[in-house]
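Here is a briefing for a reader who works with coordinates. Confidence comes before the strands, the core, the salt bridges and the backbone.

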Amino acid sequence: MATATSSASTKHIFLVHGLCHGGWCWYKVAARLRSVLSPAGRSYRVVAPDLAAAGVDGRRLHEVPTFREYTAPLLDALRSLPDGEKAVLVGHSLGGLSVALAAEEFPGKVAAAVFLCAFMPDCTFPPSHVFEELHAGRYWDSQLDNETKPQDADHGKLLPASFKFGPEFTQRYIYQRCSNEDITLAKSLMRVGSAFLEDLRVQQPHREDTYGSVRKVYVVCKQDLTLPEEFQRWMVSNNPVDEVKEIDGADHMAMLSAPDDVVRCISDVVEKYN
């Protein structure tokens, strides 16, 4: 059991993966952050949870009908923090919507919300709005070999459509600056997932006094072809943040193609906002 002194000296960082991925995609960043000591000599406690039906989580997609249930592992981890302790939440891609939900539920436990080339909702529209704006912008020539399929109803309950990134789209638009080793790893570990749009469309906008009150940092990845720079900057203009950082040379999987830059951004946020 951690002593009061050791607990107080620990800074919590939660790394939240995106669609079809798992905590595994943070392995480079998590390992680097765990080896870092802050200027005050404090350690970082780094957690990269698998969200429900993702990574090595044992649930199947049909067992996770809502976005809240999908995000539950993050919500549970944040809820379990001792009183008075806060975490920096870092969301990647769809993980930005999970970070936003966690900030909505536990604003007092979030030191800062970091959106790493991630979907960032506002407090005006339902959380699905930013996802739909991306598709309205026609940033890709086509979906190539991605697959979206309806799920059969479970005991009369409507389930969200399933989604799977195809290998060609993965290599061309998501991992185009990553090593062949990381592309091979991804193709072997990615799972069928869901954007939960059917559920997100019927949710109320996040509140100004909860999610809206949490300090936010957006990290723009300039070579991202999945959420192009233009779209990332539109989200920032749509929902202004406390700080914008940039990584030049990173594709959508910045934690794999530019891990040192991502670690620097996160470390800066932890020291400035925690």
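**Confidence**

Over residues 1-8 the pLDDT stays under 50, and the model has four contacts beyond four places in sequence for this stretch. Where pLDDT is low, predicted coordinates should not be read in detail. This is a predicted model. Its mean pLDDT is 92, and 93% of the residues reach 70 or more.

**Strands β7 and β8**

- Strand β7 covers residues 216-221 and pairs with β8 in the parallel sense, over five bridges.
- Val219 stands opposite Lys245 of β8.
- Helix α9 (residues 229-238) joins β7 and β8 in a right-handed β-α-β unit.
- In a regular strand, side chains alternate between the two faces of the sheet.
- Strand β8 (residues 243-247) shows this alternation. Glu243, Lys245 and Ile247 point to one face and are buried. Val244 and Glu246 point to the other face and are not buried.

**Nonpolar core**

- The largest nonpolar core has 95 residues. Leu15 and Leu116 touch the most other members.
- Leu116 has contacts in several parts of the sequence, not counting residues up to four places away: Trp26, Val90, Gly91, His92, Ser93, Val219, Cys221, Ile247, Ala254, Met255 and Val262.
- Two residues from the strand section return in that list: Val219, which stands opposite Lys245, and Ile247, on the buried face of β8.

**Salt bridges**

- The count comes to 18 salt bridges.
- Lys28 pairs with Asp182, with the closest N and O atoms 2.7 Å apart. This pair links distant parts of the chain: Lys28 lies in helix α2 (residues 27-34) and Asp182 in helix α7 (residues 180-189), 154 residues apart. Both Lys28 and Asp182 are buried.
- Arg172 pairs with Glu168, with the closest N and O atoms 2.8 Å apart. Arg172 and Glu168 are four residues apart in helix α6 (residues 167-174), so about one helical turn separates them. Arg172 is partly exposed at 41% relative accessible area. Glu168 is also partly exposed, at 39% relative accessibility.
- Arg233 pairs with Glu246, with the closest N and O atoms 2.5 Å apart. This pair links helix α9, which holds Arg233, to strand β8, which holds Glu246, 13 residues apart. Arg233 counts as partly exposed at 31% relative accessibility, and Glu246 does so at 45%.
- Which residues join Arg233 and Glu246 in one network? Lys222 and Glu229 do, through salt bridges that share partners.

**Backbone**

- Most residues other than glycine have a negative phi. Two exceptions follow.
- Ala53 has a positive phi, near 65 degrees. Ala53 sits in the loop between β2 (44-47) and α3 (67-79). Its relative accessible area is 5%, so Ala53 is buried.
- Ser93 is not a glycine, yet its phi is positive at about 55 degrees. Ser93 sits in the loop between β3 (87-92) and α4 (95-105). Ser93 counts as buried because its relative accessibility is 10%, under the 20% cut-off. Ser93 is also one of the residues that Leu116 touches.

Terms used: Residues are numbered from 1 along each chain as its sequence is written. This is a predicted model: local features need pLDDT of at least 70, side-chain atom pairs count only at pLDDT 80 or more; totals for chains, interfaces and linings use all residues. Side-chain values use heavy atoms; hydrogens and water are left out. Buried means under 20% relative accessible area, exposed over 50%, partly exposed in between (1.4 Å probe, protein chains only). Two strands pair if DSSP finds at least two bridges between them. A crossover is right-handed if, with the strands pointing away from the viewer, the path from the first strand over the helix to the second runs clockwise. A nonpolar core is a set of buried Ala, Val, Leu, Ile, Met, Phe, Trp, Tyr and Cys residues joined through side-chain atoms within 4.5 Å. Contact means heavy atoms within 4.5 Å. pLDDT is the predictor's confidence in each residue, from 0 to 100. A salt bridge is a side-chain nitrogen of Lys or Arg within 4 Å of a carboxyl oxygen of Asp or Glu.
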